[in-house]
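Biologist: I am new to this protein and would like to go through it slowly with you. Could we take the terms one at a time and set each against its cut-off?

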Amino acid sequence: MITYTKRCAICGKEFTTKSQRATACSDECRRIREIDRGRQKRERKRGKRSTRRDGLSLSEAARLAREHGMTCGQYMAFLNTESSRRGKWND
Ligand SMILES: [Zn+2]
């Protein structure tokens, strides 16, 4: 059986693997890589814009509301309670 000697993309350690596509040496490193990949995907999707919650455009609010399974009105109410709660905590 063919084995490949590779360098782990996460910890940099050399390892041997039977999979030509393997990029991580261990389950631990694979998990870290998957978490990292998921985070990058989420951040790209969001566009990494600094979202001022009170400065949301209506289309953005509608989109976010859909993501949260709410109507636009419900979502705006949700944002209002969130920000008022935070205001209380800041005092
Ligand atoms: Zn590793």
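The conversation below goes from the overall fold to a single residue and then to a helix.

Modeller: Please keep in mind that this is a predicted model. Its secondary structure comes to three helices and two strands, and along the sequence these follow the pattern β-β-α-α-α.

Biologist: How much of the protein is buried, and what makes a residue count as buried?

Modeller: A residue is called buried if 20 or more other C-beta atoms lie within 10 Å of its own, and buried residues make up 3% of the 91 residues in the protein.

Biologist: Why is Tyr4 called exposed?

Modeller: Tyr4, which lies in strand β1 (residues 4-7), has 12 C-beta neighbours inside 10 Å, and because the cut-off for exposed is 12 or fewer, Tyr4 counts as exposed.

Biologist: Which residues does Tyr4 touch, if those up to four places away in sequence are not counted?

Modeller: Tyr4 then touches Thr16, Thr17 and Gln20. For Gln20, 16 residues apart from Tyr4 along the chain, the C-alpha atoms of the two are separated by 6.6 Å.

Biologist: What makes you say that helix α2 is hardly covered?

Modeller: Helix α2 spans residues 58-67, and the count of buried residues among its ten residues is zero, which means that none of them reaches the 20 neighbours needed to be called buried. Just after α2, Gly69 takes a positive phi of about 70°.

Biologist: What share of the contacts with a separation of 6 or more joins residues 24 or more positions apart?

Modeller: Such pairs account for 9% of those contacts in the protein.

Key:
Residues numbered from 1 in each chain as written. Predicted model: local features only at pLDDT ≥ 70, side-chain atom pairs only at ≥ 80, totals over all residues. Helix = DSSP H or I, 4+ residues; strand = E, 2+ residues; numbered from the N terminus. Contact = placed C-beta atoms within 7 Å.
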